[in-house]
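These are my notebook entries on one structure. I set out to look up the surroundings of its ligand and then the arrangement of two of its helices.

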Amino acid sequence: MEVIITGGGIIGLSSAFYLQQAGHNVTVVDRTDMSDSCSYGNAGYVAPSHFVPLATPGIVKQGLKWMLNSKSPFYVKPSLNGTLINWGLKFMKSATQAHVERSAIPLRDISLLSKQLYEEWTNVPGLSFAYDPQGMLEFFNTEENARHAEESVKAAAAIGLEARLIDKATLQQMEPDTAINALGAVYFPGDAQLYPNLLMKTLLAYLKQKGVKFLGNKEVTGFVTSGNKVTGVKVNGEILPADHVIIASGAWSAELTRQLRVNIPLVGGRGYSVTYENAPWKFRHPVILSEARVAISPMDGNKVRFGGTMEITPLNTPPRMQRVEGILESVKRYFPAYDIPMPSADKVWYGYRPCSADGLPYIGNTARFPNVTVATGHAMLGISLGPATGKLVSELATGQKPSMDITPFKVERFG
Ligand SMILES: Cc1cc2nc3c(=O)[nH]c(=O)nc-3n(C[C@H](O)[C@H](O)[C@H](O)COP(=O)(O)OP(=O)(O)OC[C@H]3O[C@@H](n4cnc5c(N)ncnc54)[C@H](O)[C@@H]3O)c2cc1C
């Protein structure tokens, strides 16, 4: 079978991995040279602890407060853009407690499947990604978040995930290199971390060596259809024949699904990161600063990456350096001896998370064109969920029973 994948981020490459393994001729088309996308500069967490979707009652309330602060972690640009308005209305409607409860098991299951597949990937010759399964610490520094942490530990236990409340003294022992200013943390021993830049680089090289074709700097502009089948993909004026098409174009996926009259509410949630090599600031674990929503990732032996911010904004808005200042200043609130300097603008990375309107990914064949599989909307979880999504995509494309129940990820769930 000729399979064309639109998008060479982690979701496209993971899909290529399993489709190639299943014996298909796979071509990946990307409008960039695939050396940078949202799948590169992220925090690299493989996080079953993230079983709460982005759409929660709390984030809507908090988001409204944060909107007036240019350094805050969450920002929705007030806009007359129809896509953003439509997404925002659906997001607010989805953000209920019942939705949070319904989403926990599907998110847990896809995360655990993905983590297991990453562990298999550590044994694949040629793939290397500095996988570190030592768990993650989520710091808290307010009484309100201390209560929230207790609830998180209970909620995790209720679905069989291990989470431990850590007091300040134990936290200081776990992170002994500098004085910590936090009330405590939740430790998620089941989380892992990897170095995404290395993962992407070695995955690309591995797939090329296995015979996957890559068309870089080529844009998918549309599709050729016949009845309820897509028979070709339009790439820079040429038509590539296809038996099956995978739409894995990250935050831009809705531009392509729209052409097939498949509606997926999706916006880009911009985040920023800064990476230092051989830095003097030492962290023993991946850390999330919960009030600041900042991730600190000690990576690949000698690197540390500070990342965060969720900025819902049109995809062509210039980057806002105040957001990066906000990230770096928040580190000092928890680690008072660490002064992380603001780097020059060319050292700041940013990427667009593909955010669905309910915080769950869109994974499935479309009802209108069953030979088109959509795989996007992973928001803050694309690295975590990459291999599991790739495996599910391969199963869906070849008519096999998916490895898990994917009903909650139905592509056309918003009509
Ligand atoms: C600051 C930050 C921290 C994060 N931390 C984590 C984390 O710790 N753990 C985690 O799991 N996730 C994290 N994420 C989220 C994660 O990075 C994303 O969910 C993931 O990278 C999305 O992958 P993707 O393949 O869907 O999209 P992308 O990586 O954006 O890839 C999509 C590709 O499609 C291509 N494309 C688009 N349109 C077309 C077209 N028409 N024709 C051809 N090609 C096209 C693009 O060029 C791009 O290369 C973080 C994100 C940010 C911003």
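Entry 1, polar contacts. I began with Ser37, where a polar side-chain atom lies 2.9 Å from an oxygen atom of the ligand. I note at once that the model is predicted. Next I looked up Asn42: an N or O atom in its side chain is 3.4 Å from an oxygen atom of the ligand. At Ile10 the backbone takes part instead, with an N or O atom lying 3.2 Å from a ligand oxygen.

Entry 2, cover. I then asked how much of the ligand's accessible area the protein covers. On its own the ligand has 1000 Å² of accessible area, and the protein covers 96% of that.

Entry 3, elements of the shell. I listed the elements that give two or more residues to the shell around the ligand: helix 1 (10–21), strand 14 (266–277), strand 18 (349–356) and helix 10 (382–397). Strand 18 gives the most, with four residues.

Entry 4, residues of the shell. I found 36 residues surrounding the ligand, and recorded Asp30, Ser39, Tyr45, Ala379 and Ser384 as the closest. By type, the shell divides into 17 nonpolar, 14 polar and five charged residues.

Entry 5, helix packing. I returned to helix 1, which also gives residues to the shell, and examined it against helix 4 (residues 97–121). Their axes come within 14 Å and cross at roughly 65°. Angles of 65 to 115 degrees count as roughly perpendicular, and helix 1 and helix 4 are therefore described that way. I recorded the crossing of helix 1 and helix 4 as left-handed.

Key. Residues are numbered from 1 along each chain as its sequence is written. This is a predicted model: local features need pLDDT of at least 70, side-chain atom pairs count only at pLDDT 80 or more; totals for chains, interfaces and linings use all residues. Side-chain values use heavy atoms; hydrogens and water are left out. A residue is near a molecule or strand if one of its heavy atoms lies within 4 Å of it. A polar contact is a pair of N or O atoms within 3.5 Å; within protein, one must be able to donate a hydrogen and the other to accept it, and residues adjacent in sequence count only if both atoms are side-chain atoms. Accessible areas come from the Shrake-Rupley method with a 1.4 Å probe; for residues, only the protein chains shown count as cover. Ala, Val, Leu, Ile, Met, Phe, Trp, Tyr, Cys and Pro count as nonpolar, Asp, Glu, Lys and Arg as charged, and the others, Gly among them, as polar. Axes are lines fitted to C-alpha atoms, for helices over the stretch in contact, and angles run from 0 to 180 degrees between N-to-C directions. Angles under 35 degrees count as roughly parallel, over 145 as roughly antiparallel, 65 to 115 as roughly perpendicular and the rest as oblique. A crossing is left-handed if the near helix is turned anticlockwise from the far one by less than a right angle, and right-handed if clockwise.
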